[in-house]
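Subject: Structure handover

Hi there,

Here is the structure I promised to pass on to you. Please have a look at it first, and then read on for my notes.

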Amino acid sequence: PPPPLPLARGRRRRGRAGRRGISGGTGGGGVDPAAVPGHSGRGTRTGDAMGQTVLLTGGAGYIGSHTFVALRAAGHDAVILDNFSNARGDVPDRLEVITGAPVRVYRGDVRDAALLARIFAENAIGAAIHFAALKAAGESVEKPLDYIDVNLGGLTALLKAMREAGCFRLVFSSSATVYGTPEVLPVPETAPRGYANPYGFTKLACEQILEQVGASDPRWAIATLRYFNPVGAHASALIGEDPQDFPNNLVPFVAEVALGKRAALNVFGDDWPTRDGTGVRDYIHVEDLARGHVMSLGHLIATGQSHTVNLGTGRGYSVLEMLAAYSRAVGRELPHVVAPRRAGDVAEVVADPSKAAALLGFRAEKGVDEMCASSWAFVSRRRNG
Ligand code: NAD
Ligand code: WQD
């Protein structure tokens, strides 16, 4: 397990956070925790023993929930702040089944300064991982002010609360979207940054805010993680990508075809300059992505070194290749139709993952078949409630 985090200033009182005790041995979902694949194997909260707690804003969301599991498995204690605007209310119950331990959740808005102050007062927060944001590129074009308010306002409120509490370790969820249309492939972290929509603007602006804050005070240790295309679900099939409204990304759309909710996948263009004419992206299993967060946090703890790294595989797959992989997972060919290109799309975006490997020792391990099989297992189970 990672070395203990020095305790942040602030009283250590058992929080009044909502506790979601596991009901008996068969917690939410009627499953025996120990029988759950990917179960952390720890029935107790070992993080307390190390006197460290990690605050996950947006921790009930897709990537945050998987990172919560990875943190617990690595021996960290963690607490979640989420307003559940894009997460099902039963995610904490599912996390309790996977981890075999109670999950502390504060339900509220990351922009709420009083709530943040309470969280830091009630928990010895040694680091924060900031997932909470609005993330739909298309929606951001219609609602730029909402995206600026949540994504920039949320980060600012968190940074102020951290500074007040004497907590200076932050992992930030950035995105390959800050590369705009990359001129060099695979994309290194040194590539020029830009944005193609208000969402991308907010991610770039957040990175620049963090650069300014980090330069202002040497106590800050900030990790900026640029995710490429996270897909897949936890081995337990209890948590996964579960958009609460209209899906925005490829795999949730393919999943809807597989479930019979959608007749066919619309392939946005088959005339791109790629090997089969369809868009190529760097898909990374969400469990690999979560593990990357634990390794990045470990680097902050061990060295205090701020860092910006790509989290991707370095391997690109086309839309048709992903559709074929999902078809293999489902066991039948999933139909598609060729549709016009989507506004703002680019032909190919693939990460150069070498810096994360050199700095953190992080390498993605899971392939597209495992990504699709885990996604299908999750959506199949969710269909059954
Ligand atoms: P998600 O929507 O599943 O998770 C975000 C969580 O934050 C949700 O649980 C939501 O309820 C919560 N949230 C939103 N606004 C909030 C607010 N004001 N206060 C408190 N909680 C709030 O999204 P995700 O895919 O898990 O993404 C997590 C982070 O990673 C985001 O910052 C996103 O921009 C970034 N990211 C995602 C992807 C991707 O493809 N999923 C790629 C790159 C970067
Ligand atoms: C992948 C490929 C589409 C849907 C987006 C955001 C980015 C980040 C990750 C947050 C593309 C094609 C898709 C469909 C299709 N999110 N496609 N039919 O566009 O790489 O990135 O999610 O940070 O900011 O922009 O991911 O999953 O939307 O698309 O043909 O119904 O699938 O054209 O080539 P994208 P995506």
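Let me begin with ligand 1, where helix H2 (62–73), strand E6 (169–175) and helix H7 (198–216) each supply at least two residues of the surrounding shell. Please keep in mind throughout that this is a predicted model.

**Ligand 1**

Strand E6 gives the largest share of the shell around ligand 1, with three residues. There are 27 residues around this ligand, and those that come nearest are Ile 63, Asp 82, Asn 86, Lys 135 and Tyr 199. By class, the shell residues divide into 14 nonpolar, nine polar and four charged.

For your interaction list, here are some polar distances. The side chain of Asp 82 has an N or O atom 2.7 Å from an oxygen atom of ligand 1. Asp 109 also takes part through its side chain, where an N or O atom is 3.2 Å from a nitrogen atom of the ligand. With Phe 131 the backbone is involved: one of its polar backbone atoms is 2.9 Å from an oxygen atom of ligand 1. As for cover, ligand 1 has 810 Å² of accessible area on its own, and the protein covers 96% of that.

**Ligand 2**

Around ligand 2 there are 18 residues, of which Tyr 199, Leu 250, Arg 281, Arg 342 and Asp 345 come nearest. You will have met Tyr 199 already, as it is also among the residues that come nearest to ligand 1.

Which side-chain atom lies 2.5 Å from an oxygen atom of ligand 2? It is a polar atom in the side chain of Tyr 199. Ser 175 has a polar side-chain atom 3.0 Å from an oxygen atom of this ligand, and Phe 268 brings a backbone N or O atom to 2.9 Å from an oxygen atom of ligand 2. On its own, ligand 2 has 680 Å² of accessible area, and the protein covers 88% of it.

Two or more residues of this shell come from each of helix H8 (250–258) and strand E9 (265–268). Strand E9 makes the largest contribution, four residues. The shell around ligand 2 breaks down into eight nonpolar, seven polar and three charged residues.

**The chain as a whole**

Stepping back from the ligands, the protein chain contains 12 helices and 15 strands. It has 385 residues, 56% of them buried. Its exposed area is about 15300 Å², and carbon and sulfur atoms supply 53% of that. Among the contacts with a separation of 6 or more, 81% are between residues 24 or more positions apart.

**Two covered elements**

Strand E2 (residues 53–57) is mostly covered, with five of its five residues buried. In a regular strand, side chains alternate between the two faces of the sheet. Here, Thr 53, Leu 55 and Thr 57 point one way, while Val 54 and Leu 56 point the other way, and all are buried. E2 runs parallel to strand E3 (residues 77–82), and five bridges join the two. One of the residues to look at is Thr 57, whose bridge partner in E3 is Leu 81.

Helix H3 (residues 91–99) is mostly covered too, with eight of its nine residues buried. The buried residues of H3 include the charged Arg 94 and Glu 96, alongside Val 91, Pro 92, Leu 95, Val 97, Ile 98 and Thr 99. After H3 comes Gly 100, which has a positive phi, near 70 degrees.

**A polar pair at Asp 149**

One last spot to inspect is Asp 149, in helix H6 (residues 144–165). Is this residue buried, partly exposed or exposed? Its relative accessible area is 41%, so Asp 149 counts as partly exposed, a class that runs from 20% to 50%. Apart from its neighbours within four places in sequence, Asp 149 is in contact with Arg 111 and Gly 154. Asp 149 and Arg 111 are 38 residues apart along the chain, and their C-alpha atoms are separated by 8.7 Å. Their side chains are joined by a polar contact of 3.1 Å.

Happy browsing, and all the best!

Technical notes
Residues are numbered from 1 along each chain as its sequence is written. Chains are lettered from A and ligands numbered from 1 in the order in which they are written. This is a predicted model: local features need pLDDT of at least 70, side-chain atom pairs count only at pLDDT 80 or more; totals for chains, interfaces and linings use all residues. Side-chain values use heavy atoms; hydrogens and water are left out. A residue is near a molecule or strand if one of its heavy atoms lies within 4 Å of it. A polar contact is a pair of N or O atoms within 3.5 Å; within protein, one must be able to donate a hydrogen and the other to accept it, and residues adjacent in sequence count only if both atoms are side-chain atoms. Accessible areas come from the Shrake-Rupley method with a 1.4 Å probe; for residues, only the protein chains shown count as cover. Buried means under 20% relative accessible area, exposed over 50%, partly exposed in between (1.4 Å probe, protein chains only). Contact means heavy atoms within 4.5 Å. Two strands pair if DSSP finds at least two bridges between them.
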